[in-house]
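Q: Please take one part of this model and look at it closely, describing the local backbone, the burial and the packing around it in a connected way.
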Amino acid sequence: MEFSHVSVMAQECMDALDPARGGIYVDCTAGGGGHSLEIAKRLPEGSRLICLDRDDNAIAACTKRVQDYADKVTIVKSNFRNIASALDMIGVDKIDGVMWDLGVSSHQLDEGDRGFSYSKEAPLDMRMDQTEGKSAYDVVNYYSEEELKRIIRDYGEEKFASRIAQFICKRREAKPIKTTTELADIISSAIPAQKRMKESQHPARRTFQAIRIEVNGELDAIEPSITAAVERLNPGGRLAVITFHSLEDRITKETFRTLSTGCTCPPEFPVCVCGGKPKINLLSRKPILPSEEEMEVNPRSRSAKLRTAEKV
């Protein structure tokens, strides 16, 4: 399947990053290369774009998409949480702009055999990097009922987390749960019929999101990645983060708040004694939202939020 992904808020990201200024830019979640292409097109001669992704299909697609700008682009297979080591590996110290487009890509959802979709039968996988780590099969079949309840509640914000975990554990006693559609049916059966009827989307959506986040360690990587990137930014360097659900946005917002505050002294201290200084300035206090036109053309952009900042 061809890797297709509509870049969300591409123009808003470019306005924030301003790659036409030149320098070294990093796309931490290159995916199909949509945002990477927009950055590369704007970079002047002598500038450089570094694209990170841990999905082999994404790397292949990004390489193809930015091929006309290959002289400016370096593609590295890496989890975005490892931005510092990825930059060290290719001999880059400081950067001038960096962005993240968090969450799962349209292609990963649409490519049935990856196991991200609850509507397409496939083995339970959900790994963004299919060469390493635990899979959704491992989470579903070997996590305790309490562990399943926790991730479905915390990462999926699912009010029926306890029942879903109970139903999963009961079903797997007979035989392992192997496919996406099998899991989706179990989840649906755990949610009361009257609640299912009121759902505008598939009742398995939140639980699949939770399992995917657990498999890929998505939330754990956000704060370390942003913090490490800010350390590498030159003064005046820009960063932009696109999130797609409240958990991602909450972590991003809190990380930005911490980095833009500096001082960590308790509120009751009359003066600062820690000496902490702000590392970034927020370019906008509230997140930037997609336009009505974009949401009409690309419904998956509806939940997106863009937060931007500049290195002090």
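A: In this predicted model, Asp18 counts as partly exposed, because its relative accessibility is 30%, between the 20% limit for buried and the 50% limit for exposed. Asp18 sits in the loop that joins H1 to strand S1 (24-27), and its phi is near 50°, a positive value in a residue other than glycine.

The helix that leads into this loop is H1 (residues 10-17), which packs against H2 (residues 34-42) with the two axes 10 Å apart and at an angle of about 45°. That angle makes H1 oblique to H2, and the crossing in which H1 passes H2 is right-handed. On the side of H1 the contact is made by Ala10, Gln11, Cys13, Met14 and Leu17, and on the side of H2 by His35, Glu38, Ile39 and Arg42. Sorted by class, the residues of this contact comprise five nonpolar, two polar and two charged.

Cys13, one of the H1 residues in that contact, is buried, with a relative accessible area of 0%. The sulfur of Cys13 has its closest cysteine sulfur in Cys28, and because the separation is 12 Å, the two are too far apart for a bond. The structure as a whole holds zero disulfides. Cys265 is likewise in no disulfide, the nearest cysteine sulfur being that of Cys263 at 3.7 Å, whereas a disulfide requires the pair of sulfur atoms to be within 2.5 Å. Cys265 is also buried, with a relative accessible area of 15%.

A positive phi is also found at Glu157, where the value is about 50° although the residue is not a glycine. Glu157 has its place in the loop between H7 and H8, and with a relative accessible area of 40% Glu157 is partly exposed.

The two helices on either side of that loop can be described in the manner used above for H1 and H2. The axes of H7 (residues 145-156) and H8 (residues 161-172) come within 8 Å and cross at roughly 140°. H7 and H8 are therefore oblique to each other, since only angles over 145 degrees would count as roughly antiparallel, and H7 passes H8 in a right-handed crossing. From H7 the contact takes in Glu145, Leu148, Lys149, Ile152 and Arg153, which meet Ala161, Ser162, Ile164, Ala165, Gln166, Ile168, Cys169 and Arg172 of H8. By class, the residues of the contact of H7 with H8 divide into seven nonpolar, two polar and four charged.

Arg172, which belongs to the H8 side of that contact, also appears in the surroundings of Asn141, a residue found in helix H6 (residues 136-142). Once the neighbours within four places in sequence are left aside, Asn141 is in contact with Arg172, Pro176 and Ile177. Asn141 is buried, with a relative accessible area of 10%, whereas Asp18, with which this description began, is partly exposed at 30%.

Note on methods:
Residues numbered from 1 in each chain as written. Predicted model: local features only at pLDDT ≥ 70, side-chain atom pairs only at ≥ 80, totals over all residues. Heavy atoms only, no water. Buried < 20%, exposed > 50% of the residue type's maximum accessible area, 1.4 Å probe, protein only. Axes fitted to C-alpha atoms, helices over the stretch in contact; angles between N-to-C directions. Helix = DSSP H or I, 4+ residues; strand = E, 2+ residues; numbered from the N terminus. Parallel < 35°, antiparallel > 145°, perpendicular 65-115°, else oblique. Left-handed = near helix turned anticlockwise from the far one by under 90°. Contact = heavy atoms within 4.5 Å. Nonpolar A, V, L, I, M, F, W, Y, C, P; charged D, E, K, R; others polar.
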